[in-house]
Amino acid sequence: MLAALLLSVVAIRTSKKKPPDLPPPDPMPARVDPCLATLVDRPPKGPDWACEVKWDGYRIAVHIEHGRVRVLTRGGYDWTERFPTLVDDARRLAVKTAIVDGEAVVLDDKGRSDFGMLQRALGRLPSAVEAGAIVFFAFDLLYLDGRDLRRVPLRERRRLLEPLVAGREGAVRLSEEVQADGDEFFRVACEHGLEGIIAKHIEKPYRSGRGEWWQKITCKRRDSFVIVGFEPSTVPGHLGRLLLAACKNEDLVYVGGCGTGWSHDISRELRNVLASIVTKRPAVSLRRKNAVFTEPVLVAEVEYRAWTDDGKLRHASFKGIRSREDEAAVFQLSKGIEE
């Protein structure tokens, strides 16, 4: 697997400290808002930082409670029924109660996570990729057998997580962590076609929301934008360009479009999907001669290089599509362009 290859080119430092002193028993929370990484230009330095592969998938939390398993999205939606193989494998973990934080992905033939393949496995677009191909890479443990672990440092949470999932080859696996030179790890990740890396401060507790204790460094920028319309292709029945918007407070603001990133077949499939949600009431203030406006219910995952001075995406490329119901991931202009 690709993660193993990355680990082979950087120094891995293991620790043999005594087991942590656990906090007193706590009730299991129904949901935990996830800790989110802040985008930075370069990996942080120092022995208190550990790095992981930045997986290209859906952020989810797996709740296990006396044999019952729930899968919750980043925005709090219950997607348990969409991950039958993951649910079945999670029941086999040696825990009574737990909340495991991680990323659901589908791996390509080189061991890289592929968001488009994940979309097909979840039935977003027609494909032969099956739901059983989905892998959950666990990278944090928030609750275990009556103990709320969010108050303890990451290094201790990882120490408890690893015996539960390390070495597994099923749907639930460990997202490997390394304490090594961040610049070197990032260079190797980009050379292997990965999205980037995540750096985490091993002495920090788990804090919901975005903060400096988790940092992401991407080979290219990638975010989610609401699809507000499209421009038809000169090829009949195909897609020419997606029209995209970001959130600003309670409103949607047009941020440009993208016209690349899809195959001939995906272009036709996307055109059919968008044609079914056409509206005469645009969700944004925009006048374009060939624009066809749609209901703002779908979100495009888009890779891009930068922003223009007038707030438009540069060199945007389509990577996948999903429903807007899990709205937490949609790009927020009030937080974002200056990051």
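Let's start inside strand S11, where Val-228 sits. Keep in mind that the model you're looking at is a predicted one. Val-228 has a relative accessibility of 0%, so this residue counts as buried. What does Val-228 touch, once you set aside residues up to four places away in sequence? The list runs through Leu-243, Leu-244, Ala-245, Leu-252, Ala-283, Val-284, Phe-293 and Thr-294. Pick out Phe-293 from that group: along the chain, 65 residues separate Phe-293 from Val-228, yet their C-alpha atoms are 5.9 Å apart in space.

Stay on the same strand for a moment. S11 covers residues 221-232, and Ser-224 has its place there too. Is Ser-224 buried or exposed? Ser-224 is buried, because its relative accessible area is 5% and the cut-off for buried is under 20%. Its side chain has a partner: there is a polar contact with the side chain of Glu-301, at 2.7 Å. Glu-301 also turns up among the residues that Ser-224 touches, next to Val-299, Ala-300, Arg-322, Ala-329, Val-330 and Phe-331, again leaving out anything up to four places away in sequence.

Glu-301 is a handy signpost, since it leads to another serine. Ser-317 is in contact with Glu-301 as well as Cys-258, Thr-260, Gly-261, Val-302 and Glu-303, with neighbours within four places in sequence left aside. You'll find Ser-317 in strand S18. At 15% relative accessibility, Ser-317 counts as buried.

Just before that strand there's a backbone oddity. His-315 is in the loop between strand S17 (313-314) and strand S18 (317-323). Its phi is positive, at about 55 degrees, even though His-315 is not a glycine. Why is that worth a second look? Most residues other than glycine have a negative phi.

A second histidine does this as well. His-66 isn't a glycine either, and has a positive phi of about 55 degrees. Where is His-66? Look in the loop between S3 and S4. His-66 is exposed, as its relative accessible area is 64%.

Those two strands bring us to some empty space. A search of the whole structure turns up three cavities of 30 Å³ or more, and the largest holds about 90 Å³. Which elements give two or more residues to the lining of that largest cavity? They are strand S3 (58-65) and strand S4 (68-73). S3 supplies the largest share, with four residues. In total, 13 residues line the cavity, and Val-32, Pro-34, Ala-61, Leu-72 and Thr-73 are the ones nearest its centre. The lining is a mix: seven residues are nonpolar, two are polar and four are charged.

Now step back and take in the whole chain. How many helices and strands does it have? The count is seven helices and 18 strands. Of the 339 residues in the chain, 55% are buried; Val-228 is one such buried residue. The accessible surface comes to about 16,000 Å², and carbon and sulfur atoms account for 48% of that.

Finally, think about how the chain meets itself. Take the contacts between residues at least 6 apart in sequence: 71% of them join residues at least 24 apart. Val-228 and Phe-293, at 65 residues apart in sequence, give you a pair to look at with that figure in mind.

Methods. Residues are numbered from 1 along each chain as its sequence is written. This is a predicted model: local features need pLDDT of at least 70, side-chain atom pairs count only at pLDDT 80 or more; totals for chains, interfaces and linings use all residues. Side-chain values use heavy atoms; hydrogens and water are left out. On a 1 Å grid over the protein atoms alone, a cavity is a set of points where a 1.4 Å probe fits but cannot get out, and a pocket is an open set with protein on both sides within 12 Å along at least five of seven lines; lining residues have an atom within 4 Å of a point. Grid points are joined across faces, edges and corners, and a volume is the space filled by probe spheres set on the points. Ala, Val, Leu, Ile, Met, Phe, Trp, Tyr, Cys and Pro count as nonpolar, Asp, Glu, Lys and Arg as charged, and the others, Gly among them, as polar. Buried means under 20% relative accessible area, exposed over 50%, partly exposed in between (1.4 Å probe, protein chains only). A polar contact is a pair of N or O atoms within 3.5 Å; within protein, one must be able to donate a hydrogen and the other to accept it, and residues adjacent in sequence count only if both atoms are side-chain atoms. Contact means heavy atoms within 4.5 Å. Accessible areas come from the Shrake-Rupley method with a 1.4 Å probe; for residues, only the protein chains shown count as cover.
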